[in-house]
Amino acid sequence: MPKAVRSYSSALTQFRRYLLDNDKKPTKVRSMVLEHACQLSQPFTADQLFEACKADMISIGTVYNTLSLLIDAQVIHAIKRQRGKAATEYELITGTANRLQIVCKKCGRKADFTDPVVARMIKEHKYYNFNMLNYSLIVYGECKICRIKTIKRLIPRSRSSIE
Ligand SMILES: [Zn+2]
């Protein structure tokens, strides 16, 4: 059995938890889209996922909708478009995947990022008496939305009354 298929049950558990927590229905068709995503070779494009879902008569709208839910649920992440590649690629986040992530300390928004230089630095670092298996690096800060909110709070309201 390919590695990606084995991770389906844990991915489904995480996806269902996300859907229920956000008052969305864990429908059978959403599980089916995830199952197809797990069976594809990683990474894959939205078109490849749609092609795989066609056999089950799943519409392109449902595929895209489910894909964005899977990203919100952090089951799948979008890989930043590489030069020369026409479409965005997606990849299943498994429990042992390496990860670089930014997290807003104010609202908790998260986003994955890729940086080959940082990734190589972590992989090639000499760990003392320690064998690295995988890594997860989280950079904490303030997101753009929270920063704008802070700036708006700091600007006095009296300005509009002058005009
Ligand atoms: Zn924020």
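## A guided tour, starting at M57

Start by selecting M57: at 76% relative accessibility, this residue counts as exposed. (Exposed means over 50% relative accessible area, buried means under 20%, and partly exposed is in between, with a 1.4 Å probe and protein chains only.) Before you go on, know that this is a predicted model, in which local features need pLDDT of at least 70, side-chain atom pairs count only at pLDDT 80 or more, and totals for chains, interfaces and linings use all residues. Residues are numbered from 1 along each chain as its sequence is written, and side-chain values use heavy atoms, with hydrogens and water left out.

**Stay at M57, then jump to N129**

M57 sits in the loop between α4 (46-54) and α5 (60-72). Check its backbone: phi is near 60°, a positive value in a residue other than glycine. Now go to N129, in the loop between α6 (116-124) and β6. N129 isn't a glycine either, yet its phi is positive, at about 50°. Is N129 buried or exposed? At 70% relative accessibility, it counts as exposed.

**Zoom out**

Colour by secondary structure and you should find 8 helices and 6 strands. (Helices, H or I with at least four residues, and strands, E with at least two, are DSSP runs numbered from the N terminus.) Trace the chain from the N terminus and the elements go α-α-α-β-α-α-β-β-β-β-α-β-α-α. The protein has 163 residues, and 29% of them count as buried.

**Select α5, residues 60-72**

Helix α5 has 13 residues. From its first C-alpha to its last, α5 reaches 19 Å, close to the 18 Å expected at 1.5 Å a residue. (The expected span is 1.5 Å times one less than the number of residues.) Which residues of α5 are buried? Show V63, T66, L67, L69 and L70 as sticks. Then look down the axis of α5: these buried residues fall within an arc of 165°, so they line one face of the helix. (The arc is that of the directions from the helix axis to the C-beta atoms.)

**Next, P43 and the strands beside it**

Select Q42 and P43 together: the peptide bond from Q42 to P43 is cis, with omega near -10°. P43 belongs to the loop between α3 (28-39) and β1 (44-45). Step on into β1, which pairs with strand β3 (residues 89-92) in the antiparallel sense over 2 bridges. (Two strands pair if DSSP finds at least two bridges between them.) Here F44 has Y90 in β3 as its bridge partner. Strand β2 (residues 76-79) also runs antiparallel to β3, joined by 4 bridges. To see one of these matches, select H77 and its partner E91 in β3.

**Now the sheet around β4**

Select residues 99-104, 110-112 and 136-141, which are β4, β5 and β6. They make an open sheet of 3 strands in the order β5-β4-β6, with mixed pairing. β5 and β6 are at the edges with a single partner strand each, so one side of each has no neighbour in the sheet. On average, neighbouring strands of this sheet are turned by 25° against each other, direction ignored. (Axes are lines fitted to C-alpha atoms, for helices over the stretch in contact, and angles run from 0 to 180 degrees between N-to-C directions.)

Look at the pairing in turn. β4 and β6 run parallel, joined by 6 bridges, while β4 and β5 run antiparallel with 3 bridges. Click I102: it stands opposite V139 in β6 and opposite A111 in β5. How many residues of β4 are buried? The count is 5 of 6, so β4 is mostly covered. Then follow the hairpin formed by β4 and β5, which has 5 residues between the strands; G108 in the turn has a positive phi of about 85°.

**Last stop: the zinc ion**

At the end of β4, select C104, which stands opposite G141 in β6. C104 (SG) coordinates the zinc ion together with C107 (SG), C143 (SG) and C146 (SG), at 2.2 to 2.4 Å. (Donors are N, O and S atoms within 2.8 Å of the metal, or 3.2 Å for Na, K and Ca; water is not among the atoms, so sites may look incomplete.) The 4 donor atoms subtend angles of 106 to 113°, which makes the arrangement tetrahedral. (For four donors, that takes all angles between 85 and 135 degrees.)

In sequence the donor residues are spaced C-x2-C-x35-C-x2-C. C107 lies in the loop between β4 and β5 and C143 in the loop between β6 and α7 (144-154), so the pair ties together parts that are 36 residues apart in sequence. Finally, compare their surroundings: C107 is partly exposed, with a relative accessible area of 37%, and C143 is buried, at 16%.

Terms used
Tetrahedral: all angles 85-135°; square planar, octahedral: opposite > 155°, others 65-115°. Expected span 1.5 Å × (residues − 1).
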